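Trainee: I would like a close look at a single part of this model, taken slowly and with its surroundings. Could you take me through one helix, beginning from one of its residues and working outwards?

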Amino acid sequence: MWEVRNEALVVTSLLVILGSILWYKLKVSNGAPPLPPGPISLPIVGYLPFVSPDFHTQLANMAQTYGPIFKFKLGSKLHIVVNTLELAKEVVRDQDEIFSNRDKSVAASVLTKGGQDIAFSDNNANWRKLRKISVHEMLSTKSLLATMSVRHEEVTKTVKNVFGKIGTKVSMRTIAFATETSVLSRTIWERVARDMEKQREELHKLFATIVEDRIKSNLKISQDEGENDFLQILLNHKDEKDGTTLNLHQIQLLLLDIMIAGTETTASTIEWAMASIIENPNIMKKVQDELAEIVGLNNMLEEYHLPKLQYLDATIKETLRLFPTVPFLLPRSPSKTCTVGGYTVPKGCTTLVNVWSIQRDARYWDNPLEFNPDRFLANNKFDFKGTNVLFMPFGSGRRLCPGVPLAEKMLMLTVGSLMHAFDWSFPKDEKHDLKEIWCFAVKKETPLIVIPHQRLPDASLYM
Ligand code: HEM
């Protein structure tokens, strides 16, 4: 009798426990799908102690274990990573509006006064205003035409500088960084700042001083001194009454964003492009043959040649496929809880779109690890606007990189000019490889060291 009673008690207790768990789950989840799978996180620090220096490959490996969408915590912050074309499309296209807020790290929040800049602002009226001015004024076709001479002068200077080092070892990283810093700083405020790298921590102060100086001096800006630069475009909005007014702080933050977002990304891509081309002599020949045909061996490359250089364009695209410098896009954050790939993605979490792994996925690309620009020649369904999410090194949708038109020109002009003016070889005594390192952007682990050789017969072209 006792035994029967005991058994009944045990069964009833189990049923009550199970029922309570079910009730609790249904109440908490409200019938919503579960969170994506993922590794167990430690209390307080989450997955932080396990983050490796090559975070981008680590995330790709985690996708093998946990599937196309997975979660982990860094500190108390929930991160969700999507790794396939289909899920990336759900985030950046189908639910683009929901995912058009940014996730701000503490450092970014402090630096941008809670996201008052363009890159870390949420999708709000302030961001839409900054975006409109950036896309339609600063980086418009008209404005880029007005700053064409700056790009021409700076790339010409670089070619002359490299000519002075013919036959010796040069660091492509130094060349690319110096060129892009000068182009961008002159485009922003028409003043050469080759020593910018040294002043990086001081950038905030530097920008404040430059903006204040320009206002205080109340310059009547002449034709050749900056009337076309970005600073002037923004200052024209300082006292606008049409809803596009910018205060001084917003002007400084916007210029800072452009300088930071534009320099490292473009310089790193140039280094990757040069490394990949020089490593593949048959590709170098094709790039140079096209330049010889379109530009001629008695001329230097100019911007008006660029639309005709299809093989160079394909080579730049192939570089950005294999080495997207912003491998997970800038972190997005959903403005409300939603569903991706059948899993719940909670409001406010950090969402990473693993572009690096999608652009190397053998399900979508033949021989994905082979550097082969021909794949972009064969079909023209890929652009830099992320129309096809299989290739989106500049992102896609509302948060698409606004710097695409300038970056495209800078990449084509710099790589094209260096390839047209010089032959390149690796120093015999140095090892070279294409190892990557992740440091918020993906860059080459070791700087590319190469030797330039004169290619054009007329030495006066280099002066
Ligand atoms: C090879 C060069 C570059 C690459 C690979 C690159 C890539 C990216 C990516 C992936 C994003 C995030 C897009 C998203 O979340 O969907 C982004 C945002 C941004 N980029 Fe670029 N970028 C480059 C050059 C530039 C240049 C030259 C500028 C400025 C002139 C620039 C300015 C910005 C800004 C301001 C944002 C933030 C936009 C927003 O949040 O609304 N970038 N970039």
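**A helix and its surroundings**

Mentor: Glutamine 252 is buried, because 23 other C-beta atoms lie within 10 Å, and the cut-off for that class is 20 or more. Please keep in mind throughout that this is a predicted model. The place of glutamine 252 is in helix α11, the helix I propose to follow, which runs over residues 248–279. Leaving aside residues up to four places away in sequence, glutamine 252 touches Phe207, Ala208 and Val211. Leucine 206 is 46 residues from glutamine 252 in sequence, yet the two are 9.6 Å apart in space, C-alpha to C-alpha.

One partner of this helix is α8, residues 172–189, which packs against α11 with the axes 9 Å apart and at an angle of about 150°. An angle over 145 degrees counts as roughly antiparallel, and α8 and α11 are therefore placed in that class with respect to each other. The crossing in which α8 passes α11 is right-handed. On the α8 side the contact involves Met172, Arg173, Ala176, Phe177, Glu180, Thr181, Leu184, Ser185 and Ile188, and these meet Leu255, Ile258, Met259, Gly262, Thr263, Thr266, Ala267, Ile270, Glu271 and Met274 in α11. Sorted by class, this contact of α8 with α11 has 11 nonpolar residues, five polar and three charged.

A second partner is α13, residues 310–322, whose axis comes within 9 Å of that of α11 and crosses it at roughly 110°. That value falls between 65 and 115 degrees, so α11 and α13 are roughly perpendicular to each other. Here Thr269, Trp272, Ala273, Ser276 and Ile277 of α11 meet Thr315, Ile316, Thr319 and Leu320 of α13. The residues of the contact of α11 with α13 divide into five nonpolar and four polar, with no charged residue among them.

In soluble globular proteins, nonpolar side chains tend to be buried together. In this model the largest nonpolar core has 104 residues, and those that touch the most other members are Leu255, Met274, Val353 and Val415. Helix α11 gives the most to this core, with 16 residues. Leu255 and Met274 also take part in the contact of α11 with α8. Not counting residues up to four places away in sequence, methionine 274 touches Met172, Val415, Leu418 and Leu448, and Met172 is one of the α8 residues in that contact.

Beyond α13 the chain enters the loop between α13 and β5 (332–333), where leucine 329 lies. Leucine 329 has a positive phi of about 60° although it is not a glycine, and it counts as buried because it has 26 C-beta neighbours inside 10 Å. Asparagine 367, in the loop between α14 (355–358) and α15 (374–378), likewise has a positive phi, of about 35°, although it is not a glycine. Asparagine 367, however, counts as exposed, because it has 9 C-beta neighbours inside 10 Å.

To set the helix in its wider context, the protein chain has 16 helices and 12 strands. Of its 463 residues, 40% count as buried, glutamine 252 being one that is buried. Among contacts in the protein chain with a separation of 6 or more, 73% are between residues 24 or more positions apart.

Note on methods. Residues are numbered from 1 along each chain as its sequence is written. This is a predicted model: local features need pLDDT of at least 70, side-chain atom pairs count only at pLDDT 80 or more; totals for chains, interfaces and linings use all residues. Axes are lines fitted to C-alpha atoms, for helices over the stretch in contact, and angles run from 0 to 180 degrees between N-to-C directions. Helices (H or I, at least four residues) and strands (E, at least two) are DSSP runs, numbered from the N terminus. Angles under 35 degrees count as roughly parallel, over 145 as roughly antiparallel, 65 to 115 as roughly perpendicular and the rest as oblique. A crossing is left-handed if the near helix is turned anticlockwise from the far one by less than a right angle, and right-handed if clockwise. Two residues are in contact if their C-beta atoms, placed from the backbone, lie within 7 Å. Ala, Val, Leu, Ile, Met, Phe, Trp, Tyr, Cys and Pro count as nonpolar, Asp, Glu, Lys and Arg as charged, and the others, Gly among them, as polar. A nonpolar core is a set of buried Ala, Val, Leu, Ile, Met, Phe, Trp, Tyr and Cys residues joined through C-beta atoms within 7 Å. A residue is buried if 20 or more other C-beta atoms lie within 10 Å of its own, exposed if 12 or fewer, and partly exposed in between; C-beta atoms are placed from the backbone.
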